[in-house]
Amino acid sequence: MILGPRKKEVKHRGALLFDRFWRKLTASVPAGQLWKVPFPATDPVRTPHTLNTAAPGFTTALADAVTELRAAGIALGSPLARHQFVVRNDRRIPVPGGTESLGVWNKIEPVWNPAGGGYTEVTTGSSYL
């Protein structure tokens with residue numbers, strides 16, 4: 001299936017903020033402290049759940065993500081399509097997907113460049129262009 005610029009996955013507002021927040025959160029908070037109800041092998045379908053907003057580092061990760069986007073001149077509700085893309089024939093084409101740490105199966109791994117206004121052009125991943 002070809003995923004073009006009209007696919008709704010790249011139009012989601014706040015996806016970039018969540019991406020940057022989650023990367024910071026999982027880098028600073030141990031996995032066992034991320035969820036109020038952690039994952040047990042006895043209940044793999046319904047767990048983990050309920051994000052632990054009281055975890056040390058949660059507030060800092062969110063504040064740092066907000067600061068990072070603002071410093072890059074990116075609105076907090078900016079659609080992912082504006083910042084995750086490839087350029088073909090002088091046309092910017094939004095690329096859906098993300099990293100596995102976000103639970104995304106459509107694997108791509110752009111490089112964060114705040115001075116350049118977000119992610120660099122996507123060069124690797126599973127999306128078909």
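## Arginine 23 and its partner

In this predicted model, arginine 23 has a relative accessibility of 22% and therefore counts as partly exposed, since the buried class is reserved for values under 20%. The side chain of arginine 23 forms a salt bridge with that of glutamate 109, with a distance of 3.1 Å from N to O. This pair connects distant parts of the chain: arginine 23 belongs to helix H1, whereas glutamate 109 lies in the loop between E4 and E5, 86 residues apart. Glutamate 109 has a relative accessible area of 29%, so it is partly exposed as well.

The same loop, which runs between strand E4 (91-94) and strand E5 (112-113), also contains isoleucine 108. Is isoleucine 108 buried or exposed? With a relative accessible area of 1%, isoleucine 108 is buried. Its C-alpha atom is separated by 9.6 Å from that of glutamine 84, a residue 24 places away along the chain.

## Overall architecture

The protein contains two helices and six strands. Their order along the sequence is α-β-β-α-β-β-β-β. The chain has 129 residues, of which 34% count as buried. The exposed surface amounts to about 7,900 Å², and carbon and sulfur atoms supply 58% of that area.

Contacts across the sequence add to this picture. When contacts between residues at least 6 apart in sequence are considered, 51% of them join residues at least 24 apart.

## Helix H2 and its two faces

Helix H2 covers residues 58-71. Its 14 residues should span 20 Å at 1.5 Å a residue, and this agrees with the 20 Å between its end C-alpha atoms. The buried residues of H2 are Phe58, Ala61, Ala65, Val66, Glu68 and Leu69. Where do these buried residues fall when H2 is seen down its axis? They lie within an arc of 160°, and therefore line one face of the helix. A general rule helps in reading such a pattern: an α-helix has 3.6 residues a turn, so residues three or four places apart point the same way.

The face turned away from the buried side carries the exposed residues Thr59, Thr67, Arg70 and Ala71. The cover over the buried residues of H2 includes helix H1 (15-28), strand E2 (49-51) and E5. After H2 comes glycine 73, which has a positive phi, near 75°.

## The nonpolar cores

In soluble globular proteins, nonpolar side chains tend to be buried together. The largest nonpolar core here has 18 residues, and the members that touch the most others are Leu16, Phe21, Leu25, Leu69, Ile74 and Trp112. Helices H1 and H2 each contribute at least two residues to this core.

Which residues does leucine 69 touch, apart from those up to four places away in sequence? Leucine 69 touches Leu16, Leu17, Arg20, Ile74, Leu76 and Trp112. There is also a second, separate core of five residues, among them Val86, Ile93, Val95 and Val122.

## Salt bridges

Side chains of opposite charge can pair when their charged atoms come close. How many salt bridges does the count come to? The count is nine. One of these joins the side chains of aspartate 43 and arginine 46, at 3.3 Å from N to O. Arginine 46 is exposed, because its relative accessible area is 60%, above the limit of 50%.

Another salt bridge is formed by glutamate 121 and arginine 88, whose closest N and O atoms are 3.0 Å apart. This pair also links distant parts of the chain: glutamate 121 is in the segment after strand E6 (118-119), and arginine 88 is in strand E3 (residues 85-88), 33 residues apart. Glutamate 121 has a relative accessible area of 30% and is therefore partly exposed. Arginine 88, at 39%, is likewise partly exposed.

## A network that includes glutamate 68

Salt bridges with shared partners unite Asp19, Arg20, Arg23, Lys24, Glu68, Glu100, Lys107 and Glu109 in one network. Glutamate 68, one of these residues, lies in helix H2. Its relative accessibility is 16%, so glutamate 68 counts as buried. Once neighbours within four places in sequence are left aside, glutamate 68 is in contact with Arg20, Lys24 and Trp112. Of these contacts, Arg20 and Lys24 also belong to the network, while Trp112 is a member of the largest nonpolar core.

Notes: Residues numbered from 1 in each chain as written. Predicted model: local features only at pLDDT ≥ 70, side-chain atom pairs only at ≥ 80, totals over all residues. Heavy atoms only, no water. Helix = DSSP H or I, 4+ residues; strand = E, 2+ residues; numbered from the N terminus. Buried < 20%, exposed > 50% of the residue type's maximum accessible area, 1.4 Å probe, protein only. Contact = heavy atoms within 4.5 Å. Areas by Shrake-Rupley, 256 points an atom, 1.4 Å probe, with all protein chains shown as cover. Expected span 1.5 Å × (residues − 1). Arc of directions from axis to C-beta. Core = buried A, V, L, I, M, F, W, Y, C linked by side-chain atoms within 4.5 Å. Salt bridge = Lys/Arg side-chain N within 4 Å of Asp/Glu carboxyl O.
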